Amino acid sequence: MNDATSGNPASGVRDILRKAMLFRHLDEAELDRLEAALDWFVLPGGATLFDAGEASDALYVLRSGSLGAFRAPSGGGPQRLIGLIAAGESVGELGLIVDQPRSASVRALRDSELLRLSRTAFNELVQRQPTAMLEAARVAVERLLVRRTGDPLSSPRTLAILPHDRGVDARAFAEALRAALSDYGSCRVLAAQDGCGRTSEWFSEVEATARFVLYVADDASGEWRDLCVRQADALVLVADATQPASGWDDCRNAEEALHRPRHLVLRHPRGDIVPGAGAAWLARAAGARLHHWRGAADVERIARLIAGRSLGLVLSGGGARGFAHIGVIKALREAGLRIDSVGGTSIGAIIAAGVAADWDDDEMFARYKRAFVDGKPLSDYTLPFVAMTGGRRVEKLLREAFGERCIEDLPLPFFAVSANLTSGDAVTHRSGLLWYWLRASSAIPGVLPPVFHQGQVFVDGAVINNLPTDVMREQAVGDVIAVDIGADDVLHAGVEESTTPHGWRLLVDKLRAPRRPGMLSILLRAGMVNSKAANADRRAKASLLLTPPVTGVDLLDWRAYERAIELGYQYALREIGGQKDALADDMPLL
């Protein structure tokens, strides 16, 4: 532990223990013993409680404040936030139970008060109260399952609304956010006139009685704004998209603020998204999550994300079978499910981009028909030095459909996945020209030329990750719907044995009936084989997995457009209808 101030347990400990999941079953006599065994201390914002790999020598109950769990990616790189621990929750019990080192690092996101129970005291409690071990084990298992899906341990409860300047109406945004968050629990807005001069005990009481507290820094500077930053589990940076981008002093000067989730909210006063504003402002708030604020629907989407009730949609690759995604999306909308963020691979990324662009069902149908059916994207055959087609038609059709828009300018959060053949890694694209990275995500090896960017070679993301639910989970959404159109049954040969058939035999087969799969189909299927082994795990990360029956649609059969859409639509209607009650309980509805 670093920079901790310790002493006797603070007042109100008994109430904390009665509500804590680990200890709420204990009687008053046992609570007396437990309270006497606890050590109370204060951990300043930014300080470390414990590091990954350290011995598990205690568990902790958070009395007030907020903690973050951090872990470095398996491939290396800086630690990233994987979970939040809110007041009243415990942390560290898993290591005690399994007698293993800490699996993650935990730091104070803001000034926090904690209660420490040593391993010795915990073991004595277990001997007197075996039920305590059962409760602790259950909590630990729940935490483990949550980490596997990638969800945060808890949603932020206190947020600092930090306007960039006096020209931004932070109070209006806070009130709109309060109304939206009220669907998920009580929410209170505190401005300078409410909180100036109050004691820390007063703020603790407010936070204990409300599910969410919004600290509005409605003065451009001063002590109140500093207090808002100190009290917040997460920072909400609000700016006018029509103004030149610049930074926030709060985040530049307060190092501990960088440990917390940050949301960048760009206000578009005229309703339409200002081109280029997203990239410009994100450059001034690196690491923040971008949201566009045009109206009430956007604020409601931000509220669902904060409350852990947002819905992410992931669409797989699979050539012409991907048209089934359009039918699934139509059925989801008709069922009242609100899609808050979207991403995909290959054709899935292309269809997902239409959702992120706020296209309605009719617009999606017309635009994709024009591009894939009328446009004949793979008709520009060329000498196969790099690929069977030149790729110019695909590029032209993508530019016609999406223009020169950047990913940051899409109304909904969006990502596309490609495969970097230079590094051998899957790459997630959340910025840059939309059409450009869609072209990379769908560059089927051997069929379309790769995209060359800064000395790197990018091809179809299905080579490595055809169902990127793991990417969506990293965004800490509440639920994930995944649509896997698959390609496990697309190649069949009508001959029993053959190695190197003569050209005249192939010609006869072609004139009669195709007995062997074509070259383009073989190349497309070959590009998807490597991702099959990992798909089972990625499917398991979905809250709802949809697998439309598109086995009769060939990977390159663009003429099956309407049939594939209808197959996806009818299938999704049946699946959603059979799970309507569960969906209503767990997912955001219109």
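Arg 14 lies in helix H1, where helices (H or I, at least four residues) and strands (E, at least two) are DSSP runs numbered from the N terminus. The model is predicted, so local features need pLDDT of at least 70 and side-chain atom pairs count only at pLDDT 80 or more, while totals for chains, interfaces and linings use all residues. Residues are numbered from 1 along each chain as its sequence is written, and side-chain values use heavy atoms, with hydrogens and water left out.

**Surroundings of Arg 14**

Arg 14 counts as buried at 16% relative accessibility; buried means under 20% relative accessible area, exposed over 50%, and partly exposed in between, with a 1.4 Å probe and protein chains only. If residues up to four places away in sequence are not counted, Arg 14 touches Glu 28, Leu 31, Asp 32 and Glu 35, contact being defined as heavy atoms within 4.5 Å. Its side chain makes polar contacts with the side chains of Glu 28, at 2.6 Å, and of Glu 35, at 3.1 Å. A polar contact is a pair of N or O atoms within 3.5 Å; within protein, one must be able to donate a hydrogen and the other to accept it, and residues adjacent in sequence count only if both atoms are side-chain atoms.

**Salt bridges**

Side chains of opposite charge can pair when their charged atoms come close. The structure holds 27 salt bridges, each a side-chain nitrogen of Lys or Arg within 4 Å of a carboxyl oxygen of Asp or Glu. Three of these pairs are tabulated below.

| Acidic residue | Basic residue | Closest N to O distance |
|---|---|---|
| Asp 32 | Arg 14 | 2.3 Å |
| Asp 57 | Arg 116 | 3.6 Å |
| Glu 175 | Arg 178 | 3.1 Å |

Asp 32 forms a salt bridge with Arg 14. This pair links distant parts of the chain, with Asp 32 in helix H2 (residues 28-37) and Arg 14 in helix H1 (residues 13-19), 18 residues apart. Asp 32 is partly exposed at 45% relative accessibility, whereas Arg 14 is buried. Both residues belong to a network of salt bridges that also links Asp 15, Arg 18, Glu 28 and Glu 35.

Asp 57 forms a salt bridge with Arg 116. Here too, distant parts of the chain are linked: Asp 57 is in the loop between strand S3 (48-50) and strand S4 (58-64), and Arg 116 is in strand S9 (residues 112-118), 59 residues apart. Asp 57 is partly exposed, with a relative accessible area of 38%, while Arg 116 counts as buried at 17%.

Arg 178 and Glu 175 both lie in helix H6 (residues 170-181), three residues apart, about one turn of the helix. Arg 178 is partly exposed at 29% relative accessible area, and Glu 175 is partly exposed at 28%.

**Cysteines**

A disulfide is a covalent bond between the sulfur atoms of two cysteines. The structure holds zero disulfides, the criterion being a pair of cysteine sulfur atoms within 2.5 Å. Cys 196 is in no disulfide, and the nearest cysteine sulfur, that of Cys 228, is 8.4 Å away. Cys 187 counts as buried at 13% relative accessibility.

**Nonpolar cores**

A nonpolar core is a set of buried Ala, Val, Leu, Ile, Met, Phe, Trp, Tyr and Cys residues joined through side-chain atoms within 4.5 Å. Of the 63 residues in the largest core, Leu 313, Tyr 368, Phe 402, Phe 414 and Leu 438 touch the most other members. Helix H14 (residues 347-356) gives the most to this core, with eight residues. Phe 402 touches Ile 350, Ala 353, Gly 354, Trp 359, Tyr 368, Leu 434 and Leu 438, not counting residues up to four places away in sequence. Apart from the largest core lies another, of 28 residues, among them Ala 192, Leu 227, Leu 237 and Ala 239.

**Backbone of two loop residues**

Ser 346, although not a glycine, has a positive phi of about 60 degrees. Ser 346 is found in the loop between strand S17 (341-345) and H14 and counts as buried at 6% relative accessibility. Asp 358, likewise a residue other than glycine, has a positive phi near 70 degrees. Asp 358 is placed in the loop between H14 and helix H15 (361-374) and counts as partly exposed at 41% relative accessibility.

**The chain as a whole**

The secondary structure of the chain comes to 23 helices and 23 strands. Of its 590 residues, 52% count as buried. Among contacts between residues at least 6 apart in sequence, 76% join residues at least 24 apart. The accessible surface comes to about 25,700 Å², of which 51% belongs to carbon and sulfur atoms; accessible areas come from the Shrake-Rupley method with a 1.4 Å probe, and for residues only the protein chains shown count as cover.
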